[in-house]
Structure formats: structure tokens, C-alpha cells
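Let's walk through this structure together, one part at a time. Have the sequence and the 3D view ready, and turn the model as you read.

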Amino acid sequence: MASPVNPPQPRRTLRSVADLLAAGLITPAQAPELENVAKHYATAIPPAFASLIETPDDPIGRQVIPDAAESHTDPTEDPDPIGDDALSPVPGIVHRYADRALLKPLLVCPLYCRFCFRREHVGPGGGVLDEAALETALDWLRTHPDIHEVVMTGGDPLMLSPRRMRAIMQALEGMAHIHTIRIHTRVPVADPDRLDEEMAEALETTRSMWLVAHINHARELTPAARAAIRRVQARAIPVLGQSVLLRDVNDTPEALEALLRAQVAARIRPYYLHQLDPAPGTARFHVPIREGQRLLASLRGRVTGIAWPTYVLDIPGGHGKVPIGPDYLRTGPDGMLGALAPDGTLHRLAREQG
């Protein structure tokens with residue numbers, strides 16, 4: 001895709017093919033096919049994120065600019081790749097693990113990523129749970145004392161108003177069995193001004209609160225993004241990072257290392273590196289697991305352990321996340337285990353049987 005010369009910087013969120021044309025991010029020849037994509041999947045690129053796009057096919061543009069390939073569904077792809085629908089006892093709740101549940105108060109995001117595993121559900125039409133539906137979801141949590149952790153996701157929870165966020169926090173605080181609250185968000189890098197002091201204050205709670213920021217490329221951590229994150233950190237809320245391994249975005253040792261180092265520099269602890277979920281129309285982002293394992297292994301010994309994420313696969317069908325990182329143990333011919341060092345040499349462990 002050719003880059004326009006000095007494309008105009010958008011002042012509002014880009015939401016349509018016409019908006020993308022005006023911003024110089026697509027060509028007129030691409031428009032008809034992208035209008036077809038737009039019938040199925042929403043587009044939203046806020047000004048802060050759009051300003052990072054140097055060329056439409058760079059690691060930033062690739063994540064968010066629609067592509068005609070999205071109209072093709074591979075036989076391996078699934079509209080509900082991790083089984084959210086089957087595991088939803090009431091609207092707004094997903095219960096996959098015994099001790100925790102997802103709370104999805106809305107299905108709206110500041111930014112619609114072209115690889116999103118919930119792309120069949122999120123978008124402007126997804127809306128917000130109304131008061132009755134939200135209360136039903138909260139009642140489900142109240143009546144399940146084995147749930148100790150609530151993971152707020154969506155959509156993006158930080159798209160709520162501070163008033164509504166504060167009300168949800170107060171409701172969760174009223175449940176003695178809820179010890180931990182996690183909020184997963186793209187807002188700090190997509191639309192950092194939204195995470196202002198009022199919203200950061202709304203996140204304060206007596207519970208153990210964690211913010212998990214979705215960041216896929218080092219360039220996403222702009223000064224404005226770091227300032228938004230610091231507003232949360234200033235309230236003693238730890239910030240974790242999660243990323244998706246994406247072809248031509250972060251699938252080289254240099255790009256992944258830069259991403260992990262940028263997170264640590266911003267006091268963000270890399271938490272998860274996700275294997276791409278097989279949502280419809282996302283095949284162009286796929287990096288094979290074995291390649292992902294080799295990629296992570298290439299950084300062992302080069303990047304501090306503080307920056308080392310857990311490489312995870314969400315098993316299709318709703319069977320849960322499992323770590324799939326590189327394995328450094330080998331069984332030798334004598335039946336004893338050996339450990340593979342970062343330099344590739346194998347070292348026998350005299351006390352460990354294979």
C-alpha cells in the first residue's frame with residue numbers, strides 16, 4: 001500500500017471508508033471492497049492513534065486500517081473462537097474458570113483492531129448494558145461466592161463514564177467474596193485523554209485492583225499514553241501489559257524486544273503474549289506457534305526477566321488459556337533431563353530424571 005504525501009492529521013475518530021479516504025489511509029480503488037468489509041466489522045481510529053500511522057501498512061496502520069482480506073473466512077476460523085457465548089450464564093458475564101468471571105458492561109471500544117477475537121460482537125451497535133441488564137450481571141456475581149476475581153472487559157471498560165465506572169466499583173466492593181478486580185483496556189494507547197484524573201479516581205477501590213493495558217508495538221507508548229498510565233499508577237494500581245503476536249507488527253526479535261522494553265520503561269509488567277485467536281478474516285495476522293516459540297527463545301538472556309511475558313494460547317472452544325512458551329528441558333539418552341541454555345548448549349541435570 002503506497003503512502004500518501006503529508007496526509008492530513010485527523011481531528012476526530014475515523015469511522016468510515018470516506019473518513020479513511022480523506023485521511024489518505026486508503027486509495028479510491030480500495031474503497032468498494034472496504035465498503036463491503038464495513039458491513040460486517042466496525043472501524044474506529046481515534047486521532048491519537050491515527051497520528052502514529054506513518055504508512056498504511058506499517059505496524060500501527062496494519063492493526064487498525066480495514067483490509068479486503070477480512071471478507072474471507074478461513075475454514076479454521078470461528079465467530080466465537082474462545083467460546084464466550086457458550087459460557088455466558090447471563091448477558092455481560094462469561095464464566096470459564098472456577099474462581100473468576102468476566103464482566104462485560106459494554107461492547108464498545110475506542111479503537112477496533114482488525115484481529116479482534118470479539119469482532120463479531122463489538123462495535124457501535126453493541127452498546128452498553130442497560131441498568132436492568134447490568135444489575136442482573138451484578139446479581140449473578142453476588143450469588144456466586146466462589147468467584148473471587150472479576151475481570152472487566154468488553155468492549156473496553158474505560159469507555160464508560162467515570163460515574164458509571166464508580167458505581168460498578170462500589171457494587172463490586174459490596175461483595176465480600178470479590179478480592180481482585182482487573183480491567184483490560186486499549187484506552188491508554190488508543191485514546192489516552194479519556195483516562196483522565198476523573199476516570200483514574202473512579203478506579204480507586206479497597207480491593208486489589210489491576211489495570212491490564214493492551215499494547216502491541218513500542219510506538220504505541222507515546223508520552224500521552226505514558227502520562228495516562230501514570231495517572232493510574234499514582235493511585236497504587238499496578239499496570240500489566242498484554243500483547244497479541246501479530247504478523248508484520250511485532251513478529252521479529254527486534255520489534256518484540258522493543259515492545260517489551262518500552263513497557264518496562266513505562267513501569268508496565270509484561271503479562272501475556274497471546275497467540276492470535278482464529279476469528280473470521282484474521283488469517284493475515286497469524287504467526288505459527290512454533291515460530292512464536294522460537295521468537296521468544298531468541299530473546300532469552302537478552303531481555304530482563306521482568307520483561308518476559310507468558311506466551312499463551314486460548315484453546316478454541318472455550319477450554320481455557322495454557323502457556324505455550326519455549327521448553328528448555330530435554331531428555332538425554334541416559335534418561336536424565338538436560339537444560340538448554342540461552343546460547344543453545346545442553347547441560348545435563350544430574351539430579352533430574354526424564
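Which side chain meets that of Glu-70 in a salt bridge? The partner is Arg-114, and the N to O distance is 2.9 Å. Keep in mind as you look that this is a predicted model. Glu-70 sits in the loop between α4 (61-64) and β1, while Arg-114 belongs to the loop between β2 and α5 (131-142), so this pair ties together parts that are 44 residues apart in sequence. Side chains of opposite charge can pair when their charged atoms come close. The count of salt bridges comes to 26.

Now step back to the domains. The chain is divided into domain 1, residues 17-71, and domain 2, residues 93-323. Taken over C-alpha atoms, the centres of domain 1 and domain 2 are separated by 23 Å. Domain 1 brings 22 residues to the contact and domain 2 brings 28. Between them, the two domains bury about 2,100 Å², with 54% of that area on carbon and sulfur atoms. If you would like to find the domain 1 side of this contact, look for Tyr-41, Arg-62 and Gln-63, which lose the most area to domain 2 and together make up 34% of what that side buries.

Charged pairs appear here too, with seven salt bridges counted between domain 1 and domain 2. Elsewhere on your tour, look for Glu-54 and Arg-219, whose side chains meet in a salt bridge at 3.8 Å, N to O.

Tyr-41 also leads us to an enclosed space. There are three cavities of 30 Å³ or more, and the second largest cavity holds about 60 Å³ of space. Tyr-41 and Ala-42 help to line the second largest cavity, along with Tyr-112, Cys-113, Arg-114, Cys-116, Arg-119 and Val-122. Arg-114, which you met as the partner of Glu-70, is thus among these lining residues. By class, the lining of the second largest cavity has six nonpolar and two charged residues, with no polar ones.

Next comes the largest pocket, whose volume is about 780 Å³. Which residues are closest to the centre of the largest pocket? Of the 37 that line it, they are Phe-117, Arg-118, Thr-153, His-184 and Gln-242. Two or more lining residues come from each of β1 (93-97), β2 (100-103), β4 (180-185), β6 (239-244) and β7 (269-274). The lining of the largest pocket divides by class into 18 nonpolar, ten polar and nine charged residues.

Finally, turn to two details of the backbone. Most residues other than glycine have a negative phi, and most peptide bonds are trans. Gly-154 and Gly-155, however, are joined by a cis peptide bond, with omega about 20 degrees. You can find Gly-155 in the loop between β3 (149-152) and α6 (162-173). Asp-248 has a positive phi, near 65 degrees, although it is a residue other than glycine. Look for Asp-248 in the loop between β6 and α10 (253-265).

Technical notes. Residues numbered from 1 in each chain as written. Predicted model: local features only at pLDDT ≥ 70, side-chain atom pairs only at ≥ 80, totals over all residues. Heavy atoms only, no water. 1 Å grid on protein atoms, 1.4 Å probe; cavity = no way out; pocket = protein on both sides within 12 Å on 5 of 7 lines; lining within 4 Å. Points joined across faces, edges and corners; volume = space filled by probe spheres on them. Helix = DSSP H or I, 4+ residues; strand = E, 2+ residues; numbered from the N terminus. Nonpolar A, V, L, I, M, F, W, Y, C, P; charged D, E, K, R; others polar. Domains from an automatic or database assignment. Contact = heavy atoms within 4.5 Å. Buried area = accessible area lost by both parts, 1.4 Å probe. Salt bridge = Lys/Arg side-chain N within 4 Å of Asp/Glu carboxyl O.
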